[in-house]
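Here are my notes on this one, set out as numbered points. Have the structure open while you read, and start with the pocket.

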Amino acid sequence: MGSTVLTMSATPPAIAGTLVSRARRGEVEAREELAQQSGDAAYVFALQLTRQPETARDIAQDSVVRFLRSLDRFDDSQALEPWLFTIVRNQVRDHARREKVRRHDSLDAWLEAGGQRAAHPQDTDPALAAERHELRRRIWLAISQLSEAHREIVVLRDYHDLSYRQIAAVLSIPEGTVMSRLHAARKSLRQILRNEP
């Protein structure tokens, strides 16, 4: 993982399947690139679930190590991200059990720091940039108030653009449950945003 903190509103680029093949063959550069890309994606997802940058960094590093160790078991016919996100999700849960992390810790510190370090390329108009920043802040505050199950599903669908089938695989639930849970999560999110002071 690089030093750049990805924005919460951005989706990391898809991890190229060809990198896995090259990494399996022992190409050092491919393995490093795969570690970088999977590390960025793992960090964003861990941060979205834990809302704690330091914890997310630790979880992402552990997840990438597990991810790279299990490359030989990966099915090349499947998308890479759901497999990686399953590892990250399991690491988040393991960490929560070990540390007894309370899921309702707020995003206030992260949001006060601006919520991101990388500027949006279209944020050249200060008024527009401020408006986008405020909207992101409001949405993430609202997402932080969702239940864990609802937060996971909104993040996977709306920020990582996983299909219902891929989300079902990551969360180990039927696709029908994904659809109904996503509907309920979005309804809750709208309600939270409507009730803002």
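1. How much space lies in the largest pocket? About 190 Å³. Please keep in mind that this is a predicted model, with no water or hydrogens included in the side-chain values.

2. Now for the walls of that pocket. The lining consists of R73, F74, D75, Q78, A79, P82, W83, S163, R165, Q166 and A169. By type, 5 of the lining residues are nonpolar, 3 are polar and 3 are charged. Two helices, α4 (80–99) and α8 (164–171), supply at least two lining residues each. The largest share belongs to α8, which provides 3 residues.

3. On confidence, the average pLDDT over the protein is 78, and 78% of the residues score at least 70. Two stretches deserve a careful eye. Residues 1–12 have a pLDDT below 50, yet in the model this stretch makes 32 contacts beyond near neighbours in sequence. Residues 101–121 also fall below 50, and that stretch has 37 contacts beyond near neighbours in sequence. I would read both sets of contacts alongside those scores.

4. The overall layout is simple to describe. The protein has 9 helices and 0 strands, so to speak an α-α-α-α-α-α-α-α-α run from the N terminus on. Of its 197 residues, 42% count as buried. Looking at contacts with a separation of 6 or more, 66% of them join residues 24 or more positions apart.

5. What does the core look like, and which residues have the most contacts inside it? The largest nonpolar core has 47 residues, and L34, F67, V88, I153 and L156 are those with the most contacts inside it. Two or more residues come from each of α1 (17–24), α2 (28–50), α3 (53–69), α4, α6 (126–144), α7 (148–159), α8 and α9 (175–194). The most comes from α2, with 10 residues. As background, nonpolar side chains in soluble globular proteins tend to be buried together.

6. L156 is a good residue to click on next. This leucine is found in helix α7 and is among the residues with the most contacts inside the largest nonpolar core. L156 counts as buried because its relative accessible area is 0%, under the 20% cut-off. Leaving aside neighbours within four places in sequence, L156 is in contact with F45, F85, D161, L162, I167, V170 and L171. The C-alpha atoms of L156 and L182 are 10.0 Å apart, with these positions 26 residues apart along the chain count.

7. Is Q91 buried or exposed? This glutamine lies in helix α4, and its relative accessibility is 7%, so Q91 counts as buried. Not counting residues up to four places away in sequence, Q91 touches I59, D62, S63 and R66. If you are checking polar side chains, Q91 with these four partners is one I would display.

8. S144 is another buried polar residue to look at. This serine is found in helix α6, and its relative accessible area of 13% is why S144 counts as buried. S144 and Q48 are 96 residues apart along the chain, and their C-alpha atoms are separated by 8.7 Å.

9. Two backbone angles caught my eye. Most residues other than glycine have a negative phi. R51, which is not a glycine, has a positive phi of about 65 degrees. S172 also has a positive value, with phi near 55 degrees.

10. Where do these two residues sit, and are they buried or exposed? R51 lies in the loop between α2 and α3, and with a relative accessible area of 5% R51 is buried. S172 is found in the loop between α8 and α9. At a relative accessible area of 64%, S172 is exposed, because that value is over the 50% cut-off.

How values were computed:
Residues are numbered from 1 along each chain as its sequence is written. This is a predicted model: local features need pLDDT of at least 70, side-chain atom pairs count only at pLDDT 80 or more; totals for chains, interfaces and linings use all residues. On a 1 Å grid over the protein atoms alone, a cavity is a set of points where a 1.4 Å probe fits but cannot get out, and a pocket is an open set with protein on both sides within 12 Å along at least five of seven lines; lining residues have an atom within 4 Å of a point. Grid points are joined across faces, edges and corners, and a volume is the space filled by probe spheres set on the points. Helices (H or I, at least four residues) and strands (E, at least two) are DSSP runs, numbered from the N terminus. A nonpolar core is a set of buried Ala, Val, Leu, Ile, Met, Phe, Trp, Tyr and Cys residues joined through side-chain atoms within 4.5 Å. Buried means under 20% relative accessible area, exposed over 50%, partly exposed in between (1.4 Å probe, protein chains only). Contact means heavy atoms within 4.5 Å. pLDDT is the predictor's confidence in each residue, from 0 to 100.
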